[in-house]
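Dear colleague,

I am handing over the structure we spoke about, and below it you will find my notes on what turned up when I went through it. Please read them with the model open beside you.

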Amino acid sequence: MAAASNGKVDIMVERSKQTELDGAIPDVESFVIADNGIGFTDEHRDSFDTLYTDLKLPQGGKGFGRFTCLKYFSDLLVESTFLSAEGHVRRTFRMGKDTEIIINESVEPVAEAETGSKVTLSRVKDSRFHEKQLATIARSVVERLLPYFIDEEHGCPKVTIAEADGSDRIVLNDFVDNELAALIREIPLTSSTFTLETVKGDSAFTVRLFKIYSPRNQRSKISLVADRREVTDTSIHNYIPEFVDEFYEQAGAGDEARDRNFIVKAYVFGPYLDANVSLERGGFEFQKDSDMIHGISQADIEKRAAEIARDALGEAITARQEKKRKHVEEYVENEAPWHRTIVEDIDLSSMPYNATPEEIETVFQKEKYSQEVAIRKEVAQILAGTGTENLAEGVAGILERISKTSRNDLVHYIAMRRSVLDIFQRGLELQDDGTYSSEGTVHDIIFPRRGDSQKTSFEEHNLWIVDERLNFTNFVNSDIPLEGGTTDRPDLLVFDKRVVFRGDNETSNPITIFEFKKPQRDDFVNPSSKEDPVDQIIRYVNKIRDGKYRTPKGRDIMVAENTPFYGYVVCDITAKVEAWLEREKNFTPMPDRRGWYNWFGNIKLYLEVLSWDKILKDAAMRNKVFFHTLGIESLD
């Protein structure tokens, strides 16, 4: 790229005279920018002194940039030599901060000399300039002004940056031009243009794509350019998630080649952008997300540019998309098998590249809801139809899709059971402090304490661990005195039908009572104990039969002479408990001797004493076939 008419721009960095205690590079205080242009002629001087000038409108100048300088610097000084009709003239002035734009102006003839200008931006505001390294400053300038450096029509002067004494000079053009050392390289595009329809007709846009090497934790960007000036930049991963991380380029042939990371920067040009840039060049007149007035928005333009960048990166993006899908499939396989039927067809393009389980689940839930809405809509259309010629075909398709979504829900429910049993098993194990969980811990897993069926819904309890029929109860009272007092209370009381649906408060429905005991606890069998669970359950049965308790709604619990009662004591069956059951309570052991039973015919009570291990084992066994069929790992 040839310099424009041998033009040159030199930037000198002036630093603080104060030495840093740690030996670090002193802060940047000022910049001096010198060029070899025609200088501040009378025409240019008058333009500078005009609030809104259109002198450089053909080059995209809006006459506002000079005011931006005083936003970041405390002072602006201009020193310029130009050729007038009378000969060479030197003009100096400062930029005013009140009503006058030009102050302290001096104009005087000088001997023949080279024309050019020097602008001094003094004393950075906000205490310090964020960048210190000369190379870092140079790179930032190039990235920001890259449209100037790549403008083939106008050409770019030679731009350098150096310390105030001229040392460590860097040629900014080399960032693009030097094929071996370049930190910025253009990516060839097979298709670099696209068209969008505005309210005034079609507008064409051009994209130029660049690799930015050694990106220093930057992200790939889309920059909208107006009149060769970068106006906005937006992360490409907002549109294509796979751009969130840096890319990696392996070394090619040659001694100077080396492996490097890079990001991508897409610059978008077009007359529409030139015509709609704001006066301050901080944005555009059209809206960012949607624009009914102009017809297209910033997001519309950026989305098309992002698609061009995606296609240009080709295999790198495809590899990341495959990696993301594999990551999602592993999540479904290991954490959420109920999504297996969805993962086959789900669109993952909008999902973050390195998605967390929560982000993956959010995408799947949205997809599931979308499918359910679509199914309901199709069902409504079928039911609203007047003809029957396509009914069979339509119904078959809908039923297949309904079955698919229902299967997902079933897998989810079974998987949740698997997790509950894991937690339940952990609650029975010895804790780090050498003790066992209290009966309250395992109680809450089965059914929350201090609750009843008025407070605890079907989905919030796990009574299925003990007996599947207990899922469909009508009245449950957990750890609450049955008659509102503070004395007698069973841990859990249920009445229900034997069939698998909710029962009513009728005399023929059985009543079930539980007592939970802390794992490894067996002191309740001592003769002096007042917590004999068998006697407690018998006492509850008798009081219920005597009409002393009511439902949570204040209704009498309906019982008759033949109303069946089921009692369960859940505890660890130690040798001491086993002897107590056999010798004192006259219970009969079950084949596995992890449970004992007895029938109290006079009060119609069938009572079982079950070990925590048996509860866990039997629940796992009942669900094992579901775990196996649905591909969920069974309990060890």
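I begin with helix α13, where P533, V534, Q536, I537, I538, Y540, V541, K543 and I544 are buried. Please keep in mind throughout that this is a predicted model. The helix covers residues 533–545, and its 13 residues, at 1.5 Å a residue, should span 18 Å; because its end C-alpha atoms are in fact 18 Å apart in the model, the expected and computed lengths agree. At the N-terminal end of α13, D532 acts as a cap, with a side-chain oxygen placed 3.0 Å from the backbone nitrogen of V534. Just after the helix comes G547, whose phi is positive, at about 75 degrees.

The second region that I looked at is an open sheet of eight strands with mixed pairing, in which the order is β5-β4-β3-β6-β2-β1-β7-β8. Its edges are formed by β5 (102–109) and β8 (170–171), each of which pairs on one side only. Within this sheet, strands β1 (residues 8–15) and β2 (residues 28–35) run antiparallel and are joined by seven bridges, and E14 stands opposite S30 in β2. Helix α3 (residues 134–144) lies across β1, β2, β7 (158–163) and β8, and runs at about 155 degrees to β7.

A single residue in another strand also deserves a note: S223 is found in β12, which comprises residues 221–226. S223 counts as buried because its relative accessibility is 0%, where the cut-off for that class is under 20%. Leaving aside residues up to four places away in sequence, S223 touches E230, T232 and D233, together with K265, A266, Y267 and V268.

As for the chain as a whole, it contains 15 helices and 23 strands, and 45% of its 636 residues count as buried. Among contacts between residues at least 6 apart in sequence, 63% join residues that are at least 24 apart. The chain exposes about 34,300 Å², of which carbon and sulfur atoms supply 49%.

If you want a place to start, I would suggest following the sheet from one edge strand, β5, to the other, β8, and then turning to α13 with its cap at D532.

With best wishes

Definitions and conventions
Residues are numbered from 1 along each chain as its sequence is written. This is a predicted model: local features need pLDDT of at least 70, side-chain atom pairs count only at pLDDT 80 or more; totals for chains, interfaces and linings use all residues. Side-chain values use heavy atoms; hydrogens and water are left out. Two strands pair if DSSP finds at least two bridges between them. Helices (H or I, at least four residues) and strands (E, at least two) are DSSP runs, numbered from the N terminus. Contact means heavy atoms within 4.5 Å. Axes are lines fitted to C-alpha atoms, for helices over the stretch in contact, and angles run from 0 to 180 degrees between N-to-C directions. The expected span of a helix is 1.5 Å times one less than its number of residues. Buried means under 20% relative accessible area, exposed over 50%, partly exposed in between (1.4 Å probe, protein chains only). A polar contact is a pair of N or O atoms within 3.5 Å; within protein, one must be able to donate a hydrogen and the other to accept it, and residues adjacent in sequence count only if both atoms are side-chain atoms. Accessible areas come from the Shrake-Rupley method with a 1.4 Å probe; for residues, only the protein chains shown count as cover.
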